[in-house]
2 protein chains.
Amino acid sequence: MKVAIIGTGLIGGSMALKLRAAGMGDLFIGVEKDPEHAKKAIERKIVDEVLSLEEAIENSDLIILSIPVDQSLSEIEYILNQTDKQIVMDVGSTKKEICEVIKNHPGRDRFVATHPMWGTEYSGPEAAIINSFSGNSVVICEKEKSNADALKTVEKVYSVLGMRIVYMDTNAHDLHAAYVSHISHITSFALANTVLEKEKEDSAIFEMASAGFESTVRLAKSNPDMWLPIFQQNRENVLDVLNEHISQLKKFRSCFEKDNYEYMRTLIESANKIKKIIK
Amino acid sequence: MKVAIIGTGLIGGSMALKLRAAGMGDLFIGVEKDPEHAKKAIERKIVDEVLSLEEAIENSDLIILSIPVDQSLSEIEYILNQTDKQIVMDVGSTKKEICEVIKNHPGRDRFVATHPMWGTEYSGPEAAIINSFSGNSVVICEKEKSNADALKTVEKVYSVLGMRIVYMDTNAHDLHAAYVSHISHITSFALANTVLEKEKEDSAIFEMASAGFESTVRLAKSNPDMWLPIFQQNRENVLDVLNEHISQLKKFRSCFEKDNYEYMRTLIESANKIKKIIK
């Protein structure tokens, strides 16, 4: 099988490394606008060659669309226009808009909408990690709209990556993603800004930074070119969750203001129930 | 040297394990109210025996006070009353109140106020980890109020633990701790509650939980018996940081409400500067 990786960065690059190692795919073709990334992707053997989008589509059996979700949205129709037998999958963090934009496309059934739940705060081919997805879940949306063989191939891809497949409609996906992924990025960005603002007047503020702080703030390193389009496409859900999160923080604030540590204990004990979810 | 560990949990237990392995201390005496913890501390060779507080003080050269900060506050005077040649150090996350309460005590110079910047979301002797503190910083407050030999021994302890010593006054310590440790716990508790509330109506919400989410929410497992007294003692600073953090989140909210993704980009790029701090 020949695999085209449209966007040889963190996600596309990590997938290619693992699929090649597992023997799923005998040629990997990259499509990459950034010449530095293209060079690095070849150096790291993520792809064998870098071609134009047209050539890559023509010469591949499976096309993995792993570019920011705004770019996916503007490319997907064009790609499906060039596709007859090829299978096209995306890996974006939002699913509603991309499925909406191609719902009446004659090639809709060549497309499988997916979102593997793995990532780091880094980007580009240098950030790609071979055994990265294993043990996490991947969401496939609107599986009934994909051709059975296309779906089967994509399921095989995720099985090789060691992921647990969850099927969901696009509304449920985008809502859930807002809760268990997108909001975490907003809180990290805001926490980083909170502390960086303070650093302007007190340069020693980070001398004591600990592992706990790093853990809550590491996502603040994430790339705006990737995250802004996600927030924009999932605006309604993220805004709802953000409002809820601000309300939860205000409960803590009110406890401080009223010296109500009994109720603060209730809030903390309630938060402790996350133990049953996150081991 | 004989070492008394008052509170054989995460911090005291981790210290004892490392000090013993490094040959600093030939007898480790535990003081532990919880009989299960006492048993576990002996089983794990954190301590050789468990004695009463009085016996432990009498039979030790170095006393490590590693109990929640409200308990430290009520015990410290009593301990210093029994102390003549012994060295007493605490490891609590707040420094102002404990230094205040003993500032006129005749045994003040036997005491060294410290805060090693390491911890996990777990507690108890089972959570103790031998090589845990290494590479992080430890704050020592009011070093000029400690006897030179006492200070030297405590500095030796932290050198054995592999920590970088930072000297600070208690006001600076408590302020900085609010920014780079305490607020992270509040945001994690609040984020856990945000998502757990949603789970009540939508039980599948965690199916997609990813590493990024786990990273921002793991501190929400932390023990209220440890954290409530910290928040209470550091109320003014934590409340200030919490207000700033809510303001930062509201900037993101306002961007969503106004569809102002240009300014959201500015906010994210500003947060990205955390890269220069957190590698």
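**Exercise 1. Overall dimensions of chain A**

What radius of gyration does chain A have, and what would a compact globule with 279 residues have?

Solution. The structure is a predicted model. A compact globule with 279 residues would have a radius of gyration near 19 Å. Chain A has 21 Å, which agrees with that value. As a further step, consider the extent of the C-alpha trace of chain A, which spans about 65 × 40 × 30 Å along its principal axes. As for burial, 53% of the 279 residues of chain A count as buried.

**Exercise 2. Secondary structure and domains of chain A**

Determine how many helices and strands chain A has, and where its domains lie.

Solution. Begin with the secondary structure: chain A has 11 helices and eight strands. Next, take the domain assignment, which gives domain 1 as 2-168 and domain 2 as 173-276. The centres of domain 1 and domain 2 of chain A, taken over C-alpha atoms, are separated by 30 Å. The contact between these domains takes 14 residues from domain 1 of chain A and 15 residues from domain 2 of chain A. On the side of domain 1 that touches domain 2, the elements giving two or more residues are α4 (69-82), α5 (96-101) and β7 (137-141) of chain A. By class, that side of domain 1 has five nonpolar, four polar and five charged residues. Finally, consider sequence separation: among contacts in chain A between residues at least 6 apart in sequence, 73% join residues at least 24 apart.

**Exercise 3. The contact between the chains**

Identify the elements of chain B that supply the side touching chain A, and classify the residues of that side.

Solution. First, count the residues: 77 residues of chain B are in contact with 77 residues of chain A. Second, list the elements of chain B that each supply at least two residues of this side: β7 (137-141), α7 (170-199), α8 (211-217), α9 (224-233), α10 (235-257) and α11 (261-272). The largest share, 19 residues, comes from α7(B). Third, divide the residues of the side of chain B by class: 43 are nonpolar, 20 polar and 14 charged.

**Exercise 4. Symmetry of the two chains**

Which rotation superposes chain B on chain A, and to what relation does this correspond?

Solution. Chain B is superposed on chain A by a rotation of 180 degrees with 0.0 Å of shift along its axis, at an RMSD of 0.0 Å. This is therefore the relation of a two-fold axis. In chain B, the C-alpha nearest the axis belongs to Thr216(B), 2.2 Å from it. The same surface serves both copies, since 100% of the contact residues of chain B recur in chain A.

Terms used:
Residues are numbered from 1 along each chain as its sequence is written. Chains are lettered from A and ligands numbered from 1 in the order in which they are written. This is a predicted model: local features need pLDDT of at least 70, side-chain atom pairs count only at pLDDT 80 or more; totals for chains, interfaces and linings use all residues. Helices (H or I, at least four residues) and strands (E, at least two) are DSSP runs, numbered from the N terminus. The radius of gyration is taken over C-alpha atoms; the globule rule is 2.2 Å times the number of residues to the power 0.38. A residue is buried if 20 or more other C-beta atoms lie within 10 Å of its own, exposed if 12 or fewer, and partly exposed in between; C-beta atoms are placed from the backbone. Two residues are in contact if their C-beta atoms, placed from the backbone, lie within 7 Å. Domain bounds come from an automatic or database domain assignment. Ala, Val, Leu, Ile, Met, Phe, Trp, Tyr, Cys and Pro count as nonpolar, Asp, Glu, Lys and Arg as charged, and the others, Gly among them, as polar. Copies are superposed by least squares on the C-alpha atoms of residues with pLDDT of at least 70 in both.
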